[in-house]
Amino acid sequence: MVVTISQVFSFRNITLGQYIPGETVIHRLDPRTKLGAMFMVIIGLFMIDSPWGYLCVAGLLWLVIALARIPLTRILRGLKPVLFIMIFTFVLHVFFSQGTVLWQVGPLQVTEEGLIRGVQMGMRLILLVVSASLLTLTTSPLVLTDGIEALLAPAQRISVPAHELAMMMTIALRFIPTLMEEAEKIMKAQTARGASFTEGNLLQRAKSLLPILIPLFVSAFRRAEDLAVAMEARGYVGGEGRSKFKPLVFKPVDWLTLGLTTVVLGIIVVVW
């Protein structure tokens, strides 16, 4: 079965930036808790150097998915857009790593160390995407903005615009699925007019993407301008003097979650 570009980059496959409403314990956690836990997972993934450690982190993320009641198929579909990167990374490590040769044909050789390293890097990339997707799937954009702003608040003492930075980061995340949906519509329109994105060599396929990129950039700038006009019409002037309708408050479950995450990841890093 041949997977086309439109299938890989389908709007249904993009989980980063989407939000699934819910009333689970994961949804009710403070956004700062989820941001802190995500960063600890990311740091832990770069410190782990064993497949068993990655499997333990995968089990931890699976527990979060189950508690958040997010369909596993939704998470797996979100890995499709990075499938090419995972395969490319795996191939590079398998064929270009030094070590014990398991198989060789001409200049190409597969080493035991390269095979293990390729599997580890693939697992690391998968877990990174899943952890970032879980953050946006269980946190609304508005709440995520408040969480990022609260974490950046100490930097305001050195004139860092915390609110504006948080707003830009959240808008960028929110625009990911929107722009991907727009790209899918453009691709379908171009295909209906006879354009082909799967024929020819790599250079020809890259050139065939130009009719998509140009209208996509125009649409992105138009959406950004419309958003700016709408924010100005509603009196938005930045974070200065703004109050919170629902102030963020750390609860015992937030401290418990951060503590358990720190302990579990610490044990995984030390053991593996």
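1. R69 is a sensible place to start: at 70% relative accessibility, this residue counts as exposed, because the cut-off for that class is over 50%. R69 sits in the loop between α3 (51-68) and α4 (72-77). Its backbone deserves a check, since R69 has a positive phi of about 55° although it is not a glycine. Keep in mind that this is a predicted model, and the phi value of about 55° for R69 is a property of that model.

2. The overall fold can be set out next. The protein has eleven helices and two strands. Read from the N terminus, the order of elements is α-α-α-α-α-β-β-α-α-α-α-α-α, so by that order five helices come before the two strands and the remaining helices follow them. Of the 272 residues of the protein, 34% count as buried.

3. Contacts and surface give two further totals. Take the contacts between residues at least 6 apart in sequence: 73% of them join residues at least 24 apart. The accessible surface of the protein comes to about 16800 Å². Carbon and sulfur atoms account for 70% of that surface.

4. Now the charged pairs. Side chains of opposite charge can pair when their charged atoms come close. How many salt bridges does a search of the whole structure find? The search finds four. Three of the pairs are described in the points below, beginning with D30 and R32, whose side chains meet in a salt bridge with an N to O distance of 2.9 Å. Both D30 and R32 are buried.

5. Another salt bridge joins the side chains of R223 and E182, at 3.1 Å from N to O. R223 lies in helix α10 (residues 210-233) and E182 in helix α8 (residues 162-192), so this pair ties together parts that are 41 residues apart in sequence. Are the two partners buried or exposed? R223 is partly exposed, with a relative accessible area of 30%, whereas E182, at 15% relative accessibility, counts as buried. The value for E182 falls in the buried class because that class takes in residues under 20%.

6. Helix α8 also holds a pair within itself. The side chains of E184 and K188 meet in a salt bridge at 3.7 Å, N to O. Why are E184 and K188 separated by about one helical turn? They are four residues apart in helix α8. E184 is buried, with a relative accessible area of 12%, while K188 is exposed at 54%. A student looking at the model can therefore find a buried residue and an exposed residue in one salt bridge here.

7. The largest pocket has a volume of about 1000 Å³. Its lining is made up of 38 residues. Which of them lie nearest the centre of the pocket? These are S140, L142, V143, D146 and K246.

8. Which helices supply at least two residues each to the lining of the largest pocket? They are α2 (31-47), α7 (141-152), α8 and α10. The largest share, six residues, comes from α8. Helix α8 thus appears twice in this note, as the home of E182 and as a supplier of the pocket lining.

9. The chemical make-up of the lining is mixed. Its residues divide into 16 nonpolar, ten polar and twelve charged.

Methods:
Residues numbered from 1 in each chain as written. Predicted model: local features only at pLDDT ≥ 70, side-chain atom pairs only at ≥ 80, totals over all residues. Heavy atoms only, no water. Buried < 20%, exposed > 50% of the residue type's maximum accessible area, 1.4 Å probe, protein only. 1 Å grid on protein atoms, 1.4 Å probe; cavity = no way out; pocket = protein on both sides within 12 Å on 5 of 7 lines; lining within 4 Å. Points joined across faces, edges and corners; volume = space filled by probe spheres on them. Nonpolar A, V, L, I, M, F, W, Y, C, P; charged D, E, K, R; others polar. Contact = heavy atoms within 4.5 Å. Areas by Shrake-Rupley, 256 points an atom, 1.4 Å probe, with all protein chains shown as cover.
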